[in-house]
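Hi everyone, thanks for coming along. I'd like to walk you through one protein today, so please have a look at the slide.

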Amino acid sequence: MKNICFGYFEKGKREGMTEGEQHAMFDTCFEYNDHLRANGHWAGGEALEPPETALTLYWKNGKVATTGGPYAETKEQLGGILVLEARDMNHAVQLMAQHPALKYGSVFEIRPAADLNEMMKASEQRRRDRTLHAEDGLTEKGSATPDKSPALTQRNYRESR
């Protein structure tokens, strides 16, 4: 079961650390990530640049608009994501509860990854059906479009043979 772990931190806490403390923190965190990899639990992950480098996109007045910065202004900042393979949520919690970043003030939000395979298959079928209807000159309701007769399309010809 894939879980997405969002890692949050408070910017001020890290800024208050000495360089040596920061190195020790990163070294222990990376060592634990290596442990997750070695045991087949690490399915991917990425650190993020600071929130001020973000660009937020949204829909406004019929078009895409942008705003510089993160979507949500919070004390905690999203620092990265980790894709974790675990048997279930309890196992994911057990694995992430051992992550050294927690001792340095980080917070992990764990969410099961959604399985969209069935939804994607249904969407593909609907899109394929729409394409076939368009090729046949049919509208969504199955009636012929004014400029095409369904009896004369290549698909209907093939199916009638």
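I'll begin with the ground rules, then go from the whole fold to single residues.

What you see is a predicted model, where local features need pLDDT of at least 70 and side-chain atom pairs count only at pLDDT 80 or more, while totals for chains, interfaces and linings use all residues. Residues are numbered from 1 along each chain as its sequence is written, and side-chain values use heavy atoms, with hydrogens and water left out.

Let's start with the overall layout. The protein has 5 helices and 6 strands. Helices here are DSSP runs of H or I with at least four residues, strands are runs of E with at least two, and both are numbered from the N terminus. Reading from the N terminus, the order is β-α-α-β-β-β-β-α-β-α-α.

How much of the protein is buried? Of its 161 residues, 22% count as buried. Buried means under 20% relative accessible area, exposed means over 50%, and partly exposed is in between, with a 1.4 Å probe and protein chains only. The protein exposes about 11700 Å², and carbon and sulfur atoms supply 54% of that. These areas come from the Shrake-Rupley method with a 1.4 Å probe, and for residues only the protein chains shown count as cover.

Now for contacts, which means heavy atoms within 4.5 Å. Take the contacts between residues at least 6 apart in sequence: 61% of them join residues at least 24 apart. For a pair to look up on the slide, try Phe26 and Tyr104, which are 78 residues apart in sequence and 10.0 Å apart in space, C-alpha to C-alpha. Phe26 sits in helix α2, and Phe26 is partly exposed because its relative accessibility is 28%.

Next come the salt bridges. A salt bridge is a side-chain nitrogen of Lys or Arg within 4 Å of a carboxyl oxygen of Asp or Glu. How many does the structure hold? There are 5 salt bridges, and I'll show you some of them.

One of them joins Glu85 and Lys2, whose closest N and O atoms are 3.2 Å apart. Glu85 belongs to strand β5 (residues 76-85) and Lys2 to strand β1 (residues 2-10), so this pair ties together parts that are 83 residues apart in sequence. Glu85 is partly exposed, with a relative accessible area of 25%, and Lys2 is partly exposed as well, at 42%.

Another salt bridge is made by the side chains of Asp34 and Arg37, at 2.8 Å from N to O. Why are these two about one helical turn apart? Because they are 3 residues apart in helix α2 (residues 19-38). Asp34 is partly exposed at 45% relative accessible area, and Arg37 is partly exposed at 42%.

In helix α4 we find Glu118 and Lys121, with closest N and O atoms 3.7 Å apart in their salt bridge. They are 3 residues apart in the helix, so about one helical turn separates them. Both Glu118 and Lys121 are exposed.

Let's turn to surface patches. Patches are made of residues with over 30% relative accessible area and no salt bridge; like charges are joined within 9 Å, and nonpolar side chains (Val, Leu, Ile, Met, Phe, Trp, Tyr) within 5 Å.

Which residues form the nonpolar patch? They are Leu55, Leu57, Trp59 and Val64, with about 490 Å² of accessible area together. Strand β3 gives the most to this patch, with 3 residues. Trp59 lies in β3 and counts as exposed because its relative accessibility is 61%.

Just along the chain is the loop between β3 (55-60) and β4 (63-68), where you'll find Asn61. Phi of Asn61 is near 50°, a positive value in a residue other than glycine. Asn61 is exposed, at 73% relative accessibility.

Finally, is His91 buried or exposed? With 9% relative accessibility, His91 counts as buried. You can find His91 in helix α3 (residues 89-97). Leaving aside neighbours within four places in sequence, His91 is in contact with His41 and Ala86.

That's my tour, and I'm happy to take questions.
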